[in-house]
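Biologist: Could you take me on a close look at one part of this protein, the place where the ligand sits, and then show me how the rest of the chain is arranged around that picture? I'd love one connected walk-through.

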Amino acid sequence: MVTYAAPLEDIRFLLNELLDYDGTVAGLPGYEEASADIVEAVLEEGAKFCENELLPLNRSGDEEGCIFENGVVRTPTGFKEAYKAFAEGGWTGLACDPAYGGQGLPKTLQFILEELICSTNLSFGMYPGLSHGAYNALVLHGSDEQKTTYLPKLTDGTWAGTMCLTEPHSGTDLGLIRTKAEPNGNGAYKITGTKIFISAGEHDLTENIVHLVLAKLPGAPPGSRGISLFIVPKFQVKADGGLGPRNGVACGSIEHKMGIKASSTCVLNFDEAEGTLVGEPHKGMRYMFTMMNVARLAVGIQGLGLAETAYQSAAAYAKERLQGRALTGPKNPDKPADPIIVHPDVRRNLLTMRAYNEGARALALWCGMAVDVAEKHPEPETRQEADDLVALLTPIIKAFFTDYGFEATNLGVQVYGGHGYIREHGMEQLVRDARIAQLYEGANGIQALDLVGRKMGQNMGRLLRRFFHPVQAFVDEQQGEPRMAEFVMPLFKVLGRLQQATLHLAQQGLKDPEEAGAAASDYLRLFALTALAFMWARMARVAVDGLEGERAAFYRSKLATARFFMTRLLPQSSGHFAAIMAGKAAIMELEEAAF
Ligand SMILES: Cc1cc2nc3c(=O)[nH]c(=O)nc-3n(C[C@H](O)[C@H](O)[C@H](O)COP(=O)(O)OP(=O)(O)OC[C@H]3O[C@@H](n4cnc5c(N)ncnc54)[C@H](O)[C@@H]3O)c2cc1C
């Protein structure tokens, strides 16, 4: 069994001391009641639920998996009861609009809760996670009738949702989809086609499932410009909101896969299933993208959640496991050996995980708070600024968090040695579960292209300035503070490198798009390291002032981890910078036949 306790102290530090949650989010219209105190109280309850209800089902869920029989999917033992308790506890509607029965709490809180859920049972989290995605699409783009029909049920969790995009021949390139939607004469549509890899496509947790399906209308423009979005419920919905007959959508099979085995991944066959159009024809991709942006942040948080469990488990194990002696002489002379935490290499693994996790959590909350500001701030200009920051950070959070999440869960196995590779301790499951997050919601290479190809040049670099300006301002502000020199200098240098790489790519990419494509993943990683350096320098700024107080030990740990990040992880930025500047030649030279 893994070791895990929700990192509430760190979250409190971020909300209250680093990011001024009360001044930024709790003052927004509609969130007046959601002070940091309230948020913390809700989180404490959420933490208990995750630790006591979800964590115990994580291993058994992985071993049992989902079962597909006679067109029906059974989730593993205990999932139904846990889901019922989750919905009854109001967790499915935490950040949903009170107009539909939600609790109307900030998205920031939702992000934090998602980390705790992913840390304790990622497979379970997929079911309410997908429902929340469907909720987001409908709240933004559904008609009033669609909203009143579906949103209260998605909010209280009696119905679940899905996102049906992928088809066998159409993954990244959704312009290739073949699913058809034909008007049936009464204002609705007949949907026909096959979708694959649909998470939560069929299960036994809810009485209905609301599929959001991408399909093409007759005569639609080719490619992604001709895609429309439809609601196709598993059971048709009667005028009074009750369940009608079964719709023409059926689960053909479920996938047997590497990880998240308790999350059903389904082939869905649509055979003249009745659906209703969301919004206008041919705008489906746009609608799906507004929802996918939120979903991409949520997937990034999956990486962080799993990495946190890997870290906590590995740290606890490293303090107990006795092997070898410290290089400087026995630390534990009464015992046959020292705990492995004395060894520099084990500490390097642990600190790598810890420094990424705490830096990533700070970045996630900075972005989560910007989501709330973008939605609720009374000033349009402030909303736009926050929205720009979210748009810029989304591909970075999705790709970087999930890449390092996989790396960190692997380091967790490394700390356990062979005991991490066998099933007993649950460490290998974390690696298997982490792998998918690098692939779905747009594979990580596609996130890098989004950053370089869309976000970088958008509005003449306006999105970039939302990040560069606060970093530069912080560096300027801290330059006269000697205690901060060890944190500010590396930040200053990496910011310069990132700006140089940005300019280089903007020039090269205009001449030759392959130059941008070849550099994209290194650029995303360089950007992410800079963003984490900014977070670590800001955390260090708070910590240096707290060293004399009663929480001195907490701040000392922050500073030690900040030093590790700046001196042992941030230097990777030089490698990424060099790779970007090397250009595409070495990538494109080898002839296809030689591969
Ligand atoms: C467990 C699981 C759950 C999933 N859940 C859902 C779901 O709920 N709903 C849903 O609709 N889908 C879902 N998916 C599908 C998932 O989103 C796709 O697998 C993913 O988008 C990639 O598509 P693909 O697998 O067809 O890969 P491909 O598109 O074939 O890509 C293969 C590789 O080529 C790269 N590539 C492709 N095109 C480009 C390009 N233009 N430039 C650079 N690189 C490129 C990709 O990055 C990737 O590495 C799920 C998949 C899995 C495995």
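Modeller: Happily! The chain is divided into three domains: domain 1 (8–65 + 75–146), domain 2 (159–284) and domain 3 (456–587). Please keep in mind that this is a predicted model. The C-alpha centres of domain 1 and domain 3 are 30 Å apart.

Now to the ligand. It is surrounded by 18 residues, and the closest of them are L165, G171, T172, S199 and A443. Three elements each supply at least two residues of this shell: strand 3 (159–164), strand 5 (189–199) and helix 13 (444–455). By character, the shell divides into 11 nonpolar residues, six polar ones and one charged.

Let's stay with helix 13 for a moment. Its buried residues are N444, Q447, A448, L449, D450, L451, V452 and K455. The cover over these buried residues includes helix 10 (380–416), helix 14 (462–478), helix 15 (485–511) and helix 16.

Strand 3 leads us to another spot worth a look. In the loop between strand 3 and strand 4 (180–183) you will find L176. This leucine is partly exposed, because 13 other C-beta atoms lie within 10 Å, where 20 or more would make it buried and 12 or fewer exposed. Leaving out residues up to four places away in sequence, L176 touches H169 and S170. L176 also sits 8.5 Å from P222, C-alpha to C-alpha, although the two are 46 residues apart along the chain.

For a contrasting setting, go to V237 in strand 8 (residues 235–237). V237 counts as buried because it has 20 C-beta neighbours inside 10 Å. Its contacts, leaving aside neighbours within four places in sequence, are T149, L243 and G244. V237 and Y150 are 87 residues apart in sequence, yet their C-alpha atoms are 9.2 Å apart in space.

K319, in helix 8 (residues 284–320), is another case. With 12 C-beta neighbours inside 10 Å, K319 counts as exposed. K319 still touches P339 and I341, not counting residues up to four places away in sequence. From K319 to P339 is 20 residues in sequence and 5.4 Å in space, C-alpha to C-alpha.

Next comes helix 9 (residues 344–376), with 33 residues. From its first C-alpha to its last, helix 9 reaches 48 Å, close to the 48 Å expected at 1.5 Å a residue. Helix 9 is mostly covered, with 26 of its 33 residues buried.

That brings us to the packing inside. In soluble globular proteins, nonpolar side chains tend to be buried together. Here the largest nonpolar core has 194 residues, and F230, Y523 and W536 have the most contacts inside it. Helix 16 (residues 513–546) gives the most to this core, with 20 residues. If you would like one residue to click on, try W536: it touches G359, F487, A562, F565 and M566, not counting residues up to four places away in sequence.

To come back to where you started, keep helix 13 in view: it supplies at least two residues of the shell around the ligand, and helix 16 is among the elements that cover its buried residues.

Notes:
Residues numbered from 1 in each chain as written. Predicted model: local features only at pLDDT ≥ 70, side-chain atom pairs only at ≥ 80, totals over all residues. Near = placed C-beta within 6 Å. Helix = DSSP H or I, 4+ residues; strand = E, 2+ residues; numbered from the N terminus. Nonpolar A, V, L, I, M, F, W, Y, C, P; charged D, E, K, R; others polar. Expected span 1.5 Å × (residues − 1). Core = buried A, V, L, I, M, F, W, Y, C linked by C-beta atoms within 7 Å. Contact = placed C-beta atoms within 7 Å. Domains from an automatic or database assignment.
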